[in-house]
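Thank you all for coming; I would like to walk through one structure slowly, starting with a single helix and then moving on to a sheet. Please have a look at it before I begin.

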Amino acid sequence: MKFTLKPTDITEIESDAVVFFSFDASLPNLLKDPFPYAKILKRAIEKESFKAEFGKKLIISTPAESSAYKLILIGLGKEEEFNIYKLQEAVGHAIRECRQIKARKITISIMDIWMKKFGAETAAQTVVEAVELSSYQFQKYQSISSSEAVKIEEVILSVSAARLSSVEEGIRIGQIFAQATIFARDLVNDPPQLTTPAYLAKIAEEIAKSSKDEIKVKIFDQEEIAKLGMNAFLGVAQGSNELPKFIKLSYKPRNPKKKIILAGKGITFDTGGLSLKDAKNMETMKLDMAGAAAVLGVFQVLSKLKINYEVVGLIAACENMPSGKALKPGDILRALNGKTIEVLNTDAEGRLTLADVLSYGVEKEKADVIIDLATLTGACVVALGEEIAGLWGNDEKLLNEIEDCAKLTGEKLWRMPLESGYKDLIKSHIADVKNIGGKWGGAITASLFLHEFVGKTPWIHLDIAGPSFTEKNTPHCPTGGTGYGTRLLLRFLTTS
């Protein structure tokens with residue numbers, strides 16, 4: 001998709017659709033000269049009694065001599081309630097309307113108030129990300145005729161001339177962030193017969209190769225994983241015919257400020273193992289590598305950004321399958337850091353693989369910061385719903401930074417308690433810990449389990465089980481993988 005900046009009169013721009021936005025209180029300003037299209041808008045607004053409530057839309061046909069085929073007005077609601085997430089959603093509504101009229105070339109008017117509220121660069125970046133992500137379609141395995149496959153080809157952004165340089169940078173960064181997110185979405189949406197551990201390893205190698213040596217990759221095979229002592233990871237993998245892969249990606253600039261580990265859960269398909277899921281709950285379990293997909297998405301664009309950190313991506317990729325050699329409830333595993341784990345439920349497998357990944361980050365990489373993303377628990381979805389990730393951590397400053405970054409990317413999360421009083425729930429009578437904590441507080445006890453393997457290293461855990469996959473079309477994303485967390489990680493790396 002091509003993005004073009006034009007500080008010219010919007011009525012002179014040739015396009016299939018011109019998109020305007022308005023807050024409820026500022027709607028009268030659109031009806032006054034010298035605002036472009038004021039007379040056309042006034043007639044339509046009065047005729048249809050349009051109010052600029054959030055998400056409301058008004059589609060207007062223009063006279064034959066007009067440079068635009070359609071005008072699209074999107075309501076923004078109350079200005080004081082407006083945030084980045086609502087900006088993304090409003091642009092998403094606009095893109096949906098543009099696609100319905102099969103627009104190939106559209107013009108979007110970026111409001112000065114957005115640039116004052118969020119900064120010109122952030123506002124432009126948000127609009128570009130929203131356009132790209134709202135336009136996303138995964139049609140790789142569908143037979144689509146050329147008439148059905150009409151796509152937006154060019155987006156003209158109308159801004160004041162004084163904002164051009166800041167907006168240009170926002171467009172560049174927005175395209176990079178969107179590219180990374182789409183990369184992650186595609187990985188999650190591909191079928192599990194393709195996205196095996198070996199395939200994720202191949203993707204990592206291709207990322208390193210395309211970076212022209214700025215990114216290094218090391219793939220550990222089963223024998224090397226065993227030598228490292230990653231027996232919790234191997235315990236999960238042993239039920240599958242697909243061999244496990246431990247993937248390590250590394251990016252190191254000159255004089256990095258610190259080393260940051262990004263750990264993504266990489267269960268390429270999760271049946272639950274011998275603690276078998278029912279058929280319905282297994283249908284979408286190709287999504288269980290969404291954390292790994294986000295990490296790979298980050299590394300896919302990392303060399304295009306100015307990052308002052310050494311960044312290491314770690315993915316323990318395997319399937320969780322039932323078989324005669326599969327992990328059994330009651331088995332005991334020893335993780336890389338030496339702690340023993342009593343396995344009581346083989347469907348609580350992600351935390352077993354992450355136990356070894358986190359231990360590796362602490363003991364082998366000597367990380368300054370660790371951030372893990374995992375589709376870890378259904379309990380988190382019960383607590384926070386399908387749109388909000390759970391946030392845990394052991395460092396207040398780091399938690400605040402992640403929350404601030406999420407506000408800028410529009411990715412919803414909520415801080416949850418790392419309740420030390422619940423530690424007794426994961427105590428085992430025959431091992432150091434057990435992998436489930438009982439009926440209640442499942443997302444918290446899962447986080448406490450992971451905390452056992454990070455020591456004193458500053459650490460963030462994001463349970464993305466809810467927002468990593470949508471089972472309905474939204475303004476931001478069609479049904480399928482969302483790429484949640486990719487932009488959050490990139491924002492953290494570029495601003496913290």
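On helix H1, the face turned away from the buried side carries the exposed residues Lys39, Arg43, Glu46 and Lys47. I should say at once that what we are looking at is a predicted model.

Which residues of helix H1, residues 38-48, are buried? They are Ala38, Leu41, Ala44 and Ile45, and because these residues cover an arc of only 135 degrees around the axis, they lie on the same side of H1. For those of you new to this, an α-helix has 3.6 residues a turn, so residues three or four places apart point the same way. As for what covers the buried residues of H1, the elements include strand S3 (57-61) and strand S4 (68-75). Just after H1 comes Ser49, which takes a positive phi of about 50 degrees.

Now let me turn to the sheet. Here 8 strands form an open sheet with mixed pairing, in the order S7-S8-S10-S9-S13-S17-S14-S15, and its edge strands, S7 (215-220) and S15 (413-415), each pair on one side only. Averaged over the sheet and ignoring direction, neighbouring strands are turned by 20 degrees against each other.

If we take one pair within it, strand S8 (residues 245-251) and strand S10 (residues 310-320) run antiparallel and are joined by 7 bridges, with Ser250 standing opposite Val312 in S10. Finally, helix H14 (residues 442-451) packs on the sheet, where it touches strands S13 (369-374), S14 (389-393) and S17 (459-463), and the direction of H14 makes about 145 degrees with that of S17.

Technical notes: Residues are numbered from 1 along each chain as its sequence is written. This is a predicted model: local features need pLDDT of at least 70, side-chain atom pairs count only at pLDDT 80 or more; totals for chains, interfaces and linings use all residues. Side-chain values use heavy atoms; hydrogens and water are left out. Two strands pair if DSSP finds at least two bridges between them. Helices (H or I, at least four residues) and strands (E, at least two) are DSSP runs, numbered from the N terminus. Axes are lines fitted to C-alpha atoms, for helices over the stretch in contact, and angles run from 0 to 180 degrees between N-to-C directions. Contact means heavy atoms within 4.5 Å. Buried means under 20% relative accessible area, exposed over 50%, partly exposed in between (1.4 Å probe, protein chains only). The arc is that of the directions from the helix axis to the C-beta atoms.
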